[in-house]
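Hi there,

Here is the structure I promised to pass on. Have a look at it first, and then read my notes below.

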Amino acid sequence: DGEENKDLIRSTSYLKVSFEIMKNISCSSTAYFQFDLEDFDDHRVLLDSSLSFDVNESIDLSIDLNYRYDNSPHGDLGNEYYQLSNKISMNF
């Protein structure tokens, strides 16, 4: 609202790490770094992480964290935000 559309091309680099803490507990995380090819000062960092617990063969629990930082957000969006979610998965 009230802001012009902005077309840009971003470069993306990322690092993904996954490992097993114990037989029934695993962790994965992906971090992204993105920047505007025409304005290197316009960049953002994204982090997606998950910690998963296998309760048994049918039930999994997980805690997910998503973090976003944008030094030049568009519109009324803030520079950063967090999302934390809990999940229960049942396999039939």
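**Aromatic pairs and strands**

Searching the whole structure turns up three aromatic pairs. One of them is formed by Y14 and Y32, a tilted pair with 5.8 Å from centre to centre and 40° between the planes. Y14 belongs to strand β1 (residues 10-22) and Y32 to strand β2, so this pair ties together parts that are 18 residues apart in sequence. F33 and F35 make another pair: their ring centres are 5.9 Å apart and their planes sit at 40°, so this one is tilted too. Keep in mind that this is a predicted model.

Are these rings buried or exposed? Y14 counts as exposed, because its relative accessibility is 58% and the cut-off for exposed is over 50%. Y32 is partly exposed at 27%, and F33 is also partly exposed, at 36%. F35, on the other hand, is buried: its relative accessible area is 17%, and buried means under 20%.

Now for the strands. β2 (residues 25-36) and β3 (residues 39-54) run antiparallel and are joined by 12 bridges. If you want one to look up, T30 has D48 in β3 as its bridge partner. The hairpin from β2 to β3 goes through two residues.

On β3 you can also find strand β4 (residues 59-70), again antiparallel, with 11 bridges between them. Here V45 stands opposite Y69 in β4, and the hairpin that joins β3 to β4 uses four residues.

Cheers

Key:
Residues numbered from 1 in each chain as written. Predicted model: local features only at pLDDT ≥ 70, side-chain atom pairs only at ≥ 80, totals over all residues. Heavy atoms only, no water. Pairing = 2+ DSSP bridges. Phe/Tyr/Trp six-rings, centres within 6.5 Å; stacked < 30°, edge-to-face > 60°. Buried < 20%, exposed > 50% of the residue type's maximum accessible area, 1.4 Å probe, protein only.
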